[in-house]
Amino acid sequence: MDRKYHALVCCRAGMGSSMMLKIKCDQVIKEDNLPIETEHGNLDSIIGFRGDLVITMIDLTEELSQDPRVPSAIGIKNLVDKNEIREKLHAWLDEHKGEEPRR
């Protein structure tokens, strides 16, 4: 079985916006057969997070990028824009090519 990167899709509260983002991310991951699996949560979910990537709204990216518990973060401006999500997920995978998933 191929190893997959593990991503946490979150926002401050873990309610509607991050769930919509997770759905769209999962659609792109399936359509493009990307080696990423996602879980949904809120900012508290970062405590104990052992994955590779945090996907969130763009307004949280800088804050999360400075958190030592977050190995990598990407921010999405329009959470229903699959093209933006696709572009950023592919760019992240290209940047981390050859790295072993943390899990």
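This is a short tour of a predicted model, one selection at a time.

**Stop 1: the sheet**

Start by showing the strands. There are 4 of them, and they form an open sheet. Read across the sheet and the order is β2-β1-β3-β4. The pairing is parallel. Now colour the two edges: β2, residues 36-42, and β4, residues 73-76. Each of these edge strands pairs on one side only. Look along the sheet to see its twist. On average, neighbouring strands are turned by 25° against each other, ignoring direction.

**Stop 2: strand β3 and its partners**

Select residues 53-57, which make up β3. Is this strand mostly covered or mostly open? It is mostly covered, with 5 of its 5 residues buried.

Next, add β1, residues 5-11. The two strands run parallel, and 3 bridges join them. Pick out A7 and find L53 of β3 opposite. Then pick V9, which stands opposite I55 in β3.

Turn to the other neighbour, β4. It runs parallel to β3, and 4 bridges join the two. Click V54 and look for its bridge partner in β4, which is A73.

Keep one general point in mind as you look at side chains. In a regular strand they alternate between the two faces of the sheet.

**Stop 3: helix α2**

Select residues 58-65 to show helix α2. Which strands does α2 lie across? They are β1, β3 and β4. The helix runs at about 140° to β3.

Zoom in on D59, a residue of α2. Its relative accessibility is 58%, so D59 counts as exposed. Now select I76 as well. D59 and I76 are 17 residues apart in sequence, yet their C-alpha atoms are 8.5 Å apart in space.

**Stop 4: helix α3**

Select residues 82-95 for helix α3. This helix lies across β1, β2, β3 and β4. Its direction is at about 165° to β4. Put a distance line from its first C-alpha to its last. The 14 residues of α3 reach 20 Å, close to the 20 Å expected at 1.5 Å a residue.

Now colour the buried residues of α3: E84, I85, L89, W92 and L93. Why do they sit on the same side of the helix? They cover an arc of only 160° around the axis, which puts them on the same side of α3. Show what this side packs against: β1, α1 (16-32), β2, β3 and β4. Then rotate to the face turned away from the buried side. There you find the exposed residues N83, E87, D94 and E95.

Go to the N-terminal end of α3 and select D81, which caps it. A side-chain oxygen of D81 lies 3.0 Å from the backbone nitrogen of N83.

**Stop 5: L89**

Stay in α3 and centre on L89. Its relative accessibility is 1%, so L89 counts as buried. Leaving out residues up to four places away in sequence, L89 touches C25, V28, I29, L34, I36, L53, I55 and I74. You met L53 earlier, opposite A7. L89 and L53 are 36 residues apart in sequence, and 10.0 Å apart from C-alpha to C-alpha.

**Stop 6: H96**

Finish with H96, in the segment after α3. Is H96 buried or exposed? At 9% relative accessibility, it counts as buried. Show its contacts to end the tour. Not counting residues up to four places away in sequence, H96 touches Y5 and S72.

Note on methods
Residues are numbered from 1 along each chain as its sequence is written. This is a predicted model: local features need pLDDT of at least 70, side-chain atom pairs count only at pLDDT 80 or more; totals for chains, interfaces and linings use all residues. Side-chain values use heavy atoms; hydrogens and water are left out. Two strands pair if DSSP finds at least two bridges between them. Axes are lines fitted to C-alpha atoms, for helices over the stretch in contact, and angles run from 0 to 180 degrees between N-to-C directions. Contact means heavy atoms within 4.5 Å. Buried means under 20% relative accessible area, exposed over 50%, partly exposed in between (1.4 Å probe, protein chains only). The expected span of a helix is 1.5 Å times one less than its number of residues. The arc is that of the directions from the helix axis to the C-beta atoms. A polar contact is a pair of N or O atoms within 3.5 Å; within protein, one must be able to donate a hydrogen and the other to accept it, and residues adjacent in sequence count only if both atoms are side-chain atoms.
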